[in-house]
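Work through the exercises below with the structure open beside you. Try each task before reading its solution.

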Amino acid sequence: MYSTGGTKVLFVIDTLEIGGAEQSLLANTNRFKSITPIVCHIYKGDSLKPKFLENGIKVYSLNIPYKYGFIKAYNALKKVVEIEKPDMIVGYITMTEIIARLVGRSKKTPVIGTFINDLYAKDYNKHLSWRSKQLVNLFKLLNKLTSKICVGFVANSQAIKDANSKHLDLPLSKIKVINRGRDSRKIKSRNFDNFSLNGSTRFLNVSRLFPVKGHKELILGFERVVQQYPSATLHIMGDGPARQSLQDLIAEKKLENNVFLLGSRNDVPTVMCEYDCFVFPSYMEGFSGSVVEAMFAGLPVLASDIGPNQEAIKHGHTGYLFETGSIEAIEQAMLWFIENKSVAYQYAKEAYQYAKNNFELNDIVEQFEEFLINSSKAALPY
């Protein structure tokens, strides 16, 4: 349970739907010892709200309409700050973070920014419409202009820190890298002494259904695997706007008996261990909590070779990295696993120990809390 005294921090995020940033926020705020957390979500979507309330964390739901709510969101958040008088504001997700920065400046409250993905990655705009690309460009401009308001930043990977420092012209010293952590005690792990090298292979992917997550390429690569191993299956946990197009692709390729879209699941930490291998083909990422969960679950990990994944997985030691966006590379990675299971399980064993040493949630929360408290004390008045 979090502290009821000490530093009061207002965490502002777009929604409380099930996602990596939202779940990390829940996990962190539940474990603070010297910070009193208050959570405010700007837009509609509150699937995780009951979890915060169950742990005694106050939640403000502004429920602003997505498309035209910037000024309304600014005014509503400003009222929350006037009521709570936090010692610090922490903003998440680009548009919401910009609003939090402007409110913090107007109320003379220190603001910490968070970098959870690479808004400037070459593939970020790849799947967007022309209108959406223009909107992202506007966000980038506002992001750069308002980033100077923040007294510090937390990046969830070194790659994300480097990218944002460069594009926002921020000193590296202003950005602290704190990876996403997971509580290994809540993740059921496979028995490393009892792996089956025979039988059908069950692949798993866990991520939101957005084009940049690489599901289309994953399914097309897996289609070729099925040609050699017809009993292999691929389960995808997560939901999002790409669901229908992926369902259509599965039907087009006649993979209904091999590929299954399972939607959002609350039992991921306990069912991961029932699979044989975790595949993560994302084009862009901050630092994937799903990859960490797979490591704790004892699953061999096949992942795209983007920078953040390279910080979690060392190719040929704790997992297998493949060329980002390549259908052929995904196919070869999955075939490699099927034909080299004993080696892959040794990688998984090493990955589990690496995760224990580097991504245990209590250690991550301690780093985060210490950074926020120190930043609050060091913050200069506007």
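**Exercise 1. A charge and a ring**

Which residue lies over the face of Tyr275, and at what distance from the ring centre?

Solution. Keep in mind that this is a predicted model. Look at the ring of Tyr275. Arg202 lies over its face, at 4.4 Å from the ring centre.

**Exercise 2. The open sheet**

Work out the strand order of the sheet of 7 strands, and find its edges.

Solution.
- Step 1. Trace the order. The strands run 3-2-1-4-5-6-7, the pairing is parallel, and the sheet is open.
- Step 2. Find the strands that pair on one side only. These are strand 3 (58–64) and strand 7 (175–177), the edge strands.
- Step 3. Check the twist. Neighbouring strands are turned by 20 degrees against each other on average, direction ignored.
- Step 4. Follow the pairing inwards from one edge. Strand 3 and strand 2 (residues 35–43) run parallel and share 5 bridges. Here His41 has Ser61 of strand 3 as its bridge partner.
- Step 5. Move on to strand 1. It runs parallel to strand 2, and 7 bridges join the two. Ile13 has His41 as its bridge partner in strand 2.

**Exercise 3. Helices on the sheet**

Which strands does helix 3 touch, and which does helix 6 touch?

Solution.
- Step 1. Take helix 3 (residues 70–84). It packs on the sheet and touches strand 1 (7–13), strand 2, strand 3 and strand 4 (88–91). The direction of helix 3 makes about 160 degrees with that of strand 3.
- Step 2. Take helix 6 (residues 158–168). It also packs on the sheet, touching strand 5 (111–115), strand 6 (152–155) and strand 7. The direction of helix 6 makes about 165 degrees with that of strand 7.

**Exercise 4. Covered elements**

Is helix 1 mostly covered or mostly open? Ask the matching question of strand 1: how many of its residues are buried?

Solution.
- Step 1. Count along helix 1 (residues 20–29). Of its 10 residues, 8 are buried, so-called when their relative accessible area is under 20%.
- Step 2. Name them. The buried residues of helix 1 are Ala21, Glu22, Ser24, Leu25, Leu26, Ala27, Asn28 and Thr29.
- Step 3. Look for the cover. It includes strand 1, strand 2, helix 2 (49–54) and helix 14 (361–378).
- Step 4. Turn to strand 1. Here 6 of the 7 residues are buried, so strand 1 is largely enclosed by the rest of the structure.

**Exercise 5. The nonpolar cores**

Locate the largest nonpolar core and find which element gives it the most residues.

Solution.
- Step 1. Start from the residues with the most contacts inside this core: Phe203, Phe222, Leu302, Met334 and Phe337. The core has 36 residues.
- Step 2. List contributors. Elements giving two or more residues include helix 7 (215–228), strand 9 (233–237), helix 8 (243–252) and helix 13 (341–358).
- Step 3. Pick the top contributor. Helix 12 gives the most, with 9 residues.
- Step 4. Zoom in on Phe203. Its contacts beyond four places in sequence include Leu234, Tyr275, Val279, Met334 and Ile338.
- Step 5. Look for another core. A second, separate one has 30 residues, among them Ile38, Tyr43, Leu170 and Ile175.

**Exercise 6. Aromatic pairs**

How many aromatic pairs does the structure hold? Classify the pair Phe203–Phe337 and the pair Trp336–Tyr347.

Solution.
- Step 1. The total is 13 aromatic pairs.
- Step 2. The ring centres of Phe203 and Phe337 are 5.8 Å apart, with planes at 65 degrees, so this pair is edge-to-face. The cut-off for that class is over 60 degrees.
- Step 3. Place both rings. Phe203 is in strand 8 (residues 202–206) and Phe337 in helix 12, 134 residues apart. Both Phe203 and Phe337 are buried.
- Step 4. Trp336 and Tyr347 are stacked, at 5.7 Å centre to centre and 15 degrees between the planes. Trp336 belongs to helix 12 and Tyr347 to helix 13, so the pair ties together parts 11 residues apart in sequence.
- Step 5. Check burial. Trp336 counts as buried at 18% relative accessibility. Tyr347 is buried too, at 17%.
- Step 6. Join the rings up. Phe203, Phe222, Phe337 and Tyr345 are linked by ring pairs into a cluster.

**Exercise 7. Positive phi**

Where are Ile93 and Asp169 found, and how exposed is each?

Solution.
- Step 1. Recall the background. Most residues other than glycine have a negative phi.
- Step 2. Ile93 has a phi near 70 degrees. It is found in the loop between strand 4 and helix 4 (94–106). With a relative accessible area of 26%, Ile93 is partly exposed.
- Step 3. Asp169 has a positive phi of about 55 degrees. It is found in the loop between helix 6 and strand 7. At 56% relative accessibility, Asp169 counts as exposed.

Key
Residues are numbered from 1 along each chain as its sequence is written. This is a predicted model: local features need pLDDT of at least 70, side-chain atom pairs count only at pLDDT 80 or more; totals for chains, interfaces and linings use all residues. Side-chain values use heavy atoms; hydrogens and water are left out. Two strands pair if DSSP finds at least two bridges between them. Helices (H or I, at least four residues) and strands (E, at least two) are DSSP runs, numbered from the N terminus. Axes are lines fitted to C-alpha atoms, for helices over the stretch in contact, and angles run from 0 to 180 degrees between N-to-C directions. Contact means heavy atoms within 4.5 Å. A nonpolar core is a set of buried Ala, Val, Leu, Ile, Met, Phe, Trp, Tyr and Cys residues joined through side-chain atoms within 4.5 Å. Buried means under 20% relative accessible area, exposed over 50%, partly exposed in between (1.4 Å probe, protein chains only). Rings of Phe, Tyr and Trp (its six-membered ring) pair if their centres lie within 6.5 Å; planes under 30 degrees apart count as stacked, over 60 as edge-to-face and the rest as tilted. A charge sits over a ring if NZ of Lys or CZ of Arg is within 6 Å of the ring centre and within 35 degrees of the ring normal.
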